[in-house]
Amino acid sequence: MATVVMVFGASLFLGWASPGAEAAPQTPNIVLLLMDDMGWGDLGVNGEPSRETPNLDRMAAEGMLFPDFYTANPLCSPSRAALLTGRLPIRNGFYTTNGHARNAYTPQEVVGGIQDSEFLLPELLKKAGYVNKIVGKWHMGHRPQFHPLKHGFDEWFGSPNCHFGPYDNKARPNIPVYRNWEMVGRFYEDFPINLKTGEANLTQIYLKEAMDFIKQQAYKQPFFLYWAVDATHAPVYASKAFLGTSQRGRYGDAVREIDDSIGKILKLLQDLGIQENTFVFFTSDNGAALISAPSQGGSNAPFLCGKETTFEGGMREPAIAWWPGHISAGQVSHQLGNVMDLFTTSLSLAGLQPPGDREIDGIDLLPAITQGKLIDRPIFYYRGNEMMAIRVGLYKAHYWTWSNSWEEFSEGVDFCPGQNVSGVTTHNQEKHTELPLLFHLGRDPGEKYPISVSSPEYQAALHRISPIVEEHEKTMIPAAPQLNVCNPAVMNWAPPGCEKLGKCLSPPESTPKKCFWPH
């Protein structure tokens, strides 16, 4: 896809000021609510039977629902890097070449992370005077050079890695929690997560961080809040008030608490009178982790498989845009969207243009959001270093299929539980580049019935799809892979601030080696 270069006039947003205040005109605030492993089928508005997301359902009723919204990768770290750079992970370096079509992320021992050569959304928003805060999981590298405050954020409360653990602080350290430049404790030590009961107060802490930031910035310069909570990532957790309240078990408790928190964030924007000057977008980093279901994972219904795969369940995400006064209530857009579009759309809101010296994969969604237009664009499904599939219109063509290996599957690792589709959910990497597996997602959202290669429909669809794939491959210049090298010496042994807390640990000898990515 050619580089996206567009300018959205900031003058459209001029003249908005706080009630009764003498304030300079400002561009809209931006709030991106990124969930962790939350599935398309987890929202009541998308058909979840227990209807336990009243605030998100109301957000959709007051704004715009995107049923055809995707992530850029079926795993956490690459999808987050794609969101903040507007670029496919293979372009920004968040992939591996240690194995073909292997998912890779940023565990403690990974050496790489986001590179200085990449322009992140908060870095660019600073040019328009934005103050930027990240709350929650960063997951784009934990070594000092990858710190979010070195890449455009002004404030951070959260963690560089997922809340796995507890660890023994000998073979493996517990994950740190940061406030800005320094750690303020570690998960399981200073920030408890009870694995037996699922109780943890982290979502409430993250909610307070978000609300305090909004209150502080409400009538000052425009702000960008990136709220990246992780309660729905296994091991799932919820605070005491929400435990045992869901019909869906502990995972449902986590969803209910997040839904309640988002309701409070939206109400705060309204109470402060800044809702018409604040663009809010809700989505998830990848599909629900069915390997953790049912008690620790969500729902991707009605789609096939889940996290780690490039089937619809792994990459189609719940998505809602909310912007009172600019989005008419109760809208549904069938625009094909992607988390990378949030990069370009946010820049457009700020009156900025994307960098013109590199390929940008995200498009500006504002014409779809504010004018109801549909923009013709493809969706590319990548797994590691391989383009596995493409969606054009309602057609999806698989050039490679793979769920996970027979070795893993035989040990109980199943990314598609109860959903075996012969010849589709394969346990060997199957190549279909000569005759792609083709599905019509309108008639067959579950990808169960491949269209016959001898049919006129197949030929017509491939006639449209093939040139798009060829053009995409011509423009594809992969970045140096950042997720190839692991080293136990780079783990979170002695993060900045550990001295003040007496929580510094001694690292082992440096032993870099190739990371092993099983799927």
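These are my notebook entries on two sheets and one annotated span in a predicted model.

**Entry 1: the annotated span.** I began with the record. UniProt, in an unreviewed entry, lists residues 28-351 as "domain: Sulfatase N-terminal". I then looked up how far apart the ends of that span sit: the C-alpha atoms at the two ends of residues 28-351 are 10 Å apart. Helix makes up 25% of the span, and strand makes up 17%.

**Entry 2: a three-stranded sheet.** Next I traced an open sheet whose three strands run in the order β10-β3-β13, with mixed pairing. Which strands form its edges? I found β10 (316-317) and β13 (337-338), each pairing on one side only. Then I followed β3, residues 69-70, across to β13: the two pair in the parallel sense, over two bridges. For one residue contact, I noted that tyrosine 70 has asparagine 338 in β13 as its bridge partner.

**Entry 3: a four-stranded sheet.** My next stop was another open sheet, ordered β14-β15-β16-β19, where the pairing is antiparallel. Its edge strands are β14 (379-383) and β19 (437-440), and each of them pairs on one side only. Ignoring direction, neighbouring strands here are turned by 20° against each other on average.

I looked at one pair in detail. β14 and β15 (residues 386-392) are joined over five bridges in the antiparallel sense. Within this pair, isoleucine 379 has arginine 391 of β15 as its bridge partner.

**Entry 4: a helix on that sheet.** What packs on the four-stranded sheet? I found helix α11, residues 456-475, touching β14, β15, β16 (395-398) and β19. The direction of α11 makes about 125° with that of β15.

Key: Residues numbered from 1 in each chain as written. Predicted model: local features only at pLDDT ≥ 70, side-chain atom pairs only at ≥ 80, totals over all residues. Heavy atoms only, no water. Pairing = 2+ DSSP bridges. UniProt positions renumbered as here; feature names shortened; annotations may be inferred. Axes fitted to C-alpha atoms, helices over the stretch in contact; angles between N-to-C directions. Contact = heavy atoms within 4.5 Å.
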